[in-house]
Amino acid sequence: MMRLGREFIQTLDELAEQRGLDISTVVATMESAMLSAYNKYLPGERQAEVKLDHDTGDMKIFEIRKVVDEIGNEPDREITLKDALRYDDKAEIGQEIRIEQNPPNFGRIAAQTVRQVITQKLRDAERNIVYNAFADRVGDLVSGTIYSVEGDDIIVRINDKTDAELPKRERIPSERYTPGSVMRFYVLEVKNKQRGPRIIVSRTHPGLLKKLLELEIPEIQEGVIEIRNIVRDGGSRAKVALSSLVPNVDPVGACIGAGGSRIKAISQSLRGEKIDAVIYSNDPLVYIKNAMSPAQVAKVEPVLDQEKEVTVYVYQDQLSLAIGKGGQNVKLAAKLTGWKINVTTLEPDRMPTLKDIFHDVFNA
């Protein structure tokens, strides 16, 4: 028996508290480390176990051996009945007995091995705790602080023990990421890598906007308004298709809020991203017309012999708004609805003039 003492146990307790680990995990890690040290000290095919008493600080090493008539091919795992009776006067053939071991000079070797093994085991335990805490949080909203910015690598500190990566593809192009800045992020991916859990967060994923809408708009939280689809050009423009499950509730009005207060609050947290709230419709032509917001659409016509393709007609003064800068508005509308959208102008109707009536005379 090795007497580690109460001071040693107190150190383990403090270690568990500092690392946010359950004390039973630390004790099990210590037992595993000592077992590893013992197996290295006495190589062979032994079956052993280590027990640490958390109350007293006593640690015992036991070898488990099967009682046999005659030692066979596993001498490190077997014991004759005659020898077994020296340890247990009730031993019988076929039983397994536990024999306490006190190997000489084991303490110094054990201390060196335990220090290495327990450090690695505790590091693994910490990583598993972090992974388990975030494995089920993919798709959640988290707050984090920009911790470091080095070239293309941006690290976000989610809490005291957890860091996440913000890849370049998941950043808002116009947004500045200054160390110390606090932002909200969408948990995109969690993987358990050899060096520890790898958590990927995003500022451009549509899920981030969805979570922010759910937080800001009670009608969405309560299920009165349903988000049917979201598309984003991160930091620039987004489109949200909404439907109401209650006839007298205007989903767009509820999303925008009085004086635009609700949508402005969300927009500000996304680098001023413009958010078009549109009404979803089961009629694809109506849905497409709504999705072209803020442009006013004159009419929408399907393209003959083409699957899911339409021509959207707008008046000349709405053309630039319908297309958007760099084609952004029509691209987002197409992505929102799942239809290919062609935009063209529609000439306004007008009464014929005398020149029209006497066209041939005037041009003779």
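What follows is a walk through the fold of one protein chain, from its overall dimensions down to a few strands, a helix and some backbone oddities.

The model is a predicted one, so local features are reported only at pLDDT of at least 70 and side-chain atom pairs only at pLDDT 80 or more, while totals for chains, interfaces and linings use all residues. Residues are numbered from 1 along each chain as its sequence is written, and side-chain values use heavy atoms, with hydrogens and water left out.

To begin with the overall dimensions, the C-alpha trace of the protein chain spans about 130 × 45 × 45 Å along its principal axes. The radius of gyration is 35 Å, against the value near 21 Å that a compact globule of 364 residues would have; the radius is taken over C-alpha atoms, and the globule rule is 2.2 Å times the number of residues to the power 0.38. The protein chain has 13 helices and 16 strands, where helices (H or I, at least four residues) and strands (E, at least two) are DSSP runs numbered from the N terminus.

Of the 364 residues, 38% are buried. Here buried means under 20% relative accessible area, exposed means over 50%, and partly exposed is anything in between (1.4 Å probe, protein chains only). The protein chain exposes about 21,300 Å², and carbon and sulfur atoms supply 47% of that; the areas come from the Shrake-Rupley method with a 1.4 Å probe, and for residues only the protein chains shown count as cover. Among contacts (heavy atoms within 4.5 Å) with a separation of 6 or more, 59% are between residues 24 or more positions apart. As for charge, the mean positions of the 51 positive and 55 negative charges sit 5 Å apart. Lys and Arg count as positive and Asp and Glu as negative, with His and the chain ends not counted; each charge is placed at NZ of Lys, CZ of Arg, CG of Asp or CD of Glu.

Strand β15 (residues 309–314) is a good place to zoom in, since six of its six residues are buried. Glu-309, Thr-311 and Tyr-313 point one way from the strand, and Val-310, Val-312 and Val-314 point the other way. β15 has partners in both senses, pairing being called when DSSP finds at least two bridges between two strands. With β14 (residues 299–302) β15 runs antiparallel over four bridges, and Val-300 stands opposite Val-312 there. With β16 (residues 340–345) the arrangement is parallel over six bridges, and Val-310 faces Ile-341.

The hairpin of β14 and β15 has six residues between the strands, and the backbone does something odd in this loop. Asp-305 has a positive phi, near 65 degrees, despite being a residue other than glycine; Asp-305 is exposed, with a relative accessible area of 81%. Lys-308 lies in the loop between β14 and β15 too, with phi near 55 degrees, again positive in a residue other than glycine. Lys-308 is partly exposed, at a relative accessible area of 38%.

Strand β12 (237–244) gives another covered case: seven of its eight residues are buried, so it is largely enclosed by the rest of the structure. β12 pairs with β11 in the antiparallel sense over eight bridges, with Glu-226 opposite Ser-243. Three residues separate these two strands in their hairpin, and Gly-235 takes a positive phi near 85 degrees. On the parallel side, β12 shares six bridges with β13, and Leu-242 stands opposite Ile-279.

Helix α11 (residues 328–337) tells a similar story, with seven of its 10 residues buried, so the helix is largely enclosed by the rest of the structure. The buried ones are Gln-328, Asn-329, Val-330, Leu-332, Ala-333, Leu-336 and Thr-337. Their cover includes β11, β12, β13, α9, α10 and β16. Right after α11 comes Gly-338, whose phi is positive, near 80 degrees.

Finally, the prolines. Ser-293 and Pro-294 are joined by a cis peptide bond, with omega about 10 degrees, and Pro-294 is found in the loop between α9 and β14. Pro-75 sits in the loop between β3 (58–68) and β4 (78–80) and is partly exposed, with a relative accessible area of 45%. From Pro-75 to Pro-104 is 29 residues in sequence and 21 Å in space, C-alpha to C-alpha.
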